[in-house]
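Reader: Could you take me through one part of this model up close? I'd like to hear about the strand pairing and whatever goes with it.

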Amino acid sequence: MVAAARAIEAHRPDALARDLYAEHFVRAAGQASAHWPVRPQQVPGGDADPLWGRLGRYFGLRTRVLDDFLLARARAGTSQVVLLGAGLDSRAYRLDWPPGCTVFEIDHGSVLAFKHRVLDGLGAMHRAERVTVAADLRLDWAGALTAASFDPARPTAWLAEGLLLYLPRAAEQLLIDTVDGLSAPGSALAYEAKLGTESAAVRDSPVYSAARHRIGVDLLALFDGEPRPDSAGALTARGWSTTVRTPFHFTRRYGRGPRPERHDALAANRWVFAHSPGR
């Protein structure tokens, strides 16, 4: 779903992010997504469409904001990047990385194999050294990362995009603990979180119902139902400086993206940016 949204965004005249690999992931996924839109003109209703318009714009905005975060860290001298739950992220291939950067991608082996097959079939060339790490982020994954040449003595830019919402509470706490333990001074972390419990009216919003009925993706069933930990607070207590923003903050900054609406499925979303002590 996110790959389809990125494909649509890539072909908008005012695109915030251009991921030209995204549509190939959608088509390679098989019959289930064979008829999903990958171009703006294929979206009925355009931006007014709750799924591929509004939610799609959200994913496009999120992609751009987190692209900018990673590139800013890399250009400031951070040469290690770790994508936690990398999924169909193609940042190692499409971003203009400074020389010497290494991008580690952690995800299930089956996800990494699918991505590898699609990108190799396209003859895609990565623009940074790319290291894949097959691991389950609900378990202890630090050993697999360090065994793959990750150096905890060097500053790292960490990214958990669209991940923590789906992890059990204990797994999120383990992830934050692990990132903190592996982060040298000068490291930074960006992640997406969702605040509180959504009301019945929000759970009935068009974004959720359209995803469920039109493409068979029940986002509410995928979200972990446990109360979320205060990960930003945990990082602050350990000396990290944290900034918490709504997506709408960046809609205003970039001049496009979703805007608040009644019973909004996006209203509880937060994007958190944290910097380790000694940055």
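Author: Let's start with strand 5 (residues 188-194) and strand 7 (residues 269-275), which pair in the antiparallel sense over seven bridges. Two strands count as paired if DSSP finds at least two bridges between them, and the elements themselves are DSSP runs numbered from the N terminus, with helices (H or I) needing at least four residues and strands (E) at least two. Within this pair, Glu192 sits opposite Trp271 of strand 7.

A quick word on the ground rules: this is a predicted model, where local features need pLDDT of at least 70 and side-chain atom pairs count only at pLDDT 80 or more, while totals for chains, interfaces and linings use all residues. Residues are numbered from 1 along each chain as its sequence is written, and side-chain values use heavy atoms, with hydrogens and water left out.

Now zoom out a bit. Strands 5 and 7 belong to an open sheet of seven strands, ordered 3-2-1-4-5-7-6, and the pairing is mixed. At the edges you'll find strand 3 (129-134) and strand 6 (241-245); each has a single partner strand, so one side of each is left without a neighbour in the sheet. On average, neighbouring strands here are turned by 20° against each other, direction ignored; angles run from 0 to 180 degrees between N-to-C directions, and axes are lines fitted to C-alpha atoms, for helices over the stretch in contact.
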